[in-house]
Amino acid sequence: MFMKVALLVGPLLLLLLTGVAGFAYSQIKFLSLPIPQSLALFTVVLPLLTGFSTIVVYSLTQRSSRNEQNRLTIPLIAVIGFQLIYETVVTTLALTHILPPDALVCGLRDRWMKLVVADDGDAVRAIQDSFKCCGFKTVKDNAFPWGEPSPCSDIFHYTRSCLKVWRKAEQVNAGLLLLVAVVVFVLKVISVIALLSGSSWTHSRWVRPFKHFRNQAAEEPEGDDNRANMRRLIEEGIGAETYQDEPSEGSPPRASEDHEDRPRVVQSSLLDGGNEWRDDGESHRH
C-alpha cells in the first residue's frame with residue numbers, strides 16, 4: 001500500500017523538485033551568479049535520475065525470483081551508493097555558496113570584474129535592472145554604463161549598490177539547490193526502507209543482517225526486563241531461605257525433625273484387651 005502511494009505521489013514531488021532546480025538554474029544564468037551552472041544542471045537531473053532508478057528497482061524486485069534478486073543486490077547497492085555520493089557533492093557545493101556570508105564577497109567581486117573586463121554590459125545591466133542598483137560596492141564602482149565616474153545613478157536614479165542584494169540572490173538560489181538535494185535524499189531513504197520491508201525482498205541474504213540488527217534492537221528491551229525479573233526472583237529466594245552447609249549448635253538435628261514430622265503408629269487398646277483374655281484362658285486350663 002505504501003509503495004503504491006509512493007509511486008503516485010513520488011513522481012509529482014520529483015517533478016516539482018525538478019522545476020525548483022530549473023528555476024534556480026535560470027536565475028543563476030540570468031543574474032550571472034558565481035554559482036557553477038554545471039552544479040545547477042546536476043541538481044536539475046538529480047530528481048529525474050532518482051525517480052527513474054527507483055521505479056526500475058521496484059519493477060525488477062517485483063518481477064524477479066529470489067535467486068535473481070540475490071544477483072541484483074550488488075548492482076543495486078552500487079547504484080544507491082553512487083547516488084548518495086552524487087547528492088553529497090551537490091549538498092556540499094551548495095553550502096559553500098550560502099555560508100559564511102562574508103566569504104561570498106570575494107567570489108561576487110571576481111565575477112563582477114570578469115563581466116567588466118569582458119565588456120559584458122548586458123550582463124551587468126541585467127543585474128542592475130533586476131535589483132534596481134548601480135555598481136558593485138558603491139553606485140560608482142564599475143557600474144554600467146561605463147565611465148569615470150559612471151552615470152548609472154544619474155540616468156536610472158538608482159541609489160543603492162548591488163553587492164548586498166546580489167549576494168542574497170546567490171544564497172537564495174544556492175539554498176534552492178540544497179533543498180532539492182536534501183528532499184531527494186529523504187525520498188531515497190524512504191524508498192530504500194520500503195524496499196527492504198517488502199515481502200519479496202526480505203529473503204535476500206544481503207538484507208538479513210539488517211533485519212537481524214533491527215529485530216535484535218527491538219528485542220533488547222524485553223530481554224532486559226526478563227533478566228531483571230529473573231534477578232529479582234533469585235534475590236527473593238535467597239532472602240526467604242538461606243542455605244547452610246552445617247547446622248548450627250542451637251538447632252535440633254534434621255533427622256529428629258523428620259522423625260517428629262513422620263506419622264507414628266499407636267498400638268490399639270483392643271489388641272491389649274485381647275491379650276488379657278488370652279492370659280486368663282490359659283490360667284484356667286492350668
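Where does D122 lie? D122 sits in helix α5, which covers residues 121-131. This is a predicted model, in which local features need pLDDT of at least 70, side-chain atom pairs count only at pLDDT 80 or more, and totals for chains, interfaces and linings use all residues. Residues are numbered from 1 along each chain as its sequence is written, and side-chain values use heavy atoms, with hydrogens and water left out.

To start with the whole chain, the protein has ten helices and zero strands. Here helices (H or I, at least four residues) and strands (E, at least two) are DSSP runs, numbered from the N terminus. Of the 286 residues, 29% count as buried; buried means under 20% relative accessible area, exposed over 50%, and partly exposed in between (1.4 Å probe, protein chains only). The accessible surface comes to about 19300 Å², with 62% of that belonging to carbon and sulfur atoms; such areas come from the Shrake-Rupley method with a 1.4 Å probe, and for residues only the protein chains shown count as cover. Contact means heavy atoms within 4.5 Å. Among contacts between residues at least 6 apart in sequence, 73% join residues at least 24 apart.

Back to D122: this residue is exposed, with a relative accessible area of 66%. Its C-alpha is 9.9 Å from that of P145, and the two residues are 23 apart in sequence. Elsewhere in α5, the buried residues include G121, A123, V124 and F131. Right after α5 comes K132, with a positive phi near 55°.

Two other residues also have a positive phi. D119, in the loop between α4 and α5, has a phi near 55° although it is not a glycine. With 52% relative accessibility, D119 counts as exposed. S32, in the loop between α1 (2-30) and α2 (37-63), also has a phi near 55° without being a glycine. S32, however, is buried, at a relative accessible area of 7%.

Then there are the cis peptide bonds. One joins L99 and P100, with omega about -15°; P100 belongs to the loop between α3 (66-96) and α4 (104-117). Another runs from E148 to P149, with omega near -5°, and P149 is in the loop between α5 and α6 (152-156).

Helix α7 (residues 163-196) is home to E170. E170 is buried yet has no salt bridge, and R167, the nearest side chain of opposite charge, is 7.2 Å away. A salt bridge is a side-chain nitrogen of Lys or Arg within 4 Å of a carboxyl oxygen of Asp or Glu; for charge, Lys and Arg count as positive and Asp and Glu as negative, while His and the chain ends are not counted. What E170 does have is a polar contact of 3.0 Å between its side chain and that of H97. A polar contact is a pair of N or O atoms within 3.5 Å; within protein, one must be able to donate a hydrogen and the other to accept it, and residues adjacent in sequence count only if both atoms are side-chain atoms. Beyond its neighbours within four places in sequence, E170 touches L33, P34, I35, H97, L104 and L108.

The surface also carries a nonpolar patch made of L84, V182, F185, V186, V189, I190 and I193, with about 530 Å² of accessible area together. Patches take residues with over 30% relative accessible area and no salt bridge, joining like charges within 9 Å and nonpolar side chains (Val, Leu, Ile, Met, Phe, Trp, Tyr) within 5 Å. The largest share, six residues, comes from α7. V182, found in that helix, counts as partly exposed because its relative accessibility is 40%.
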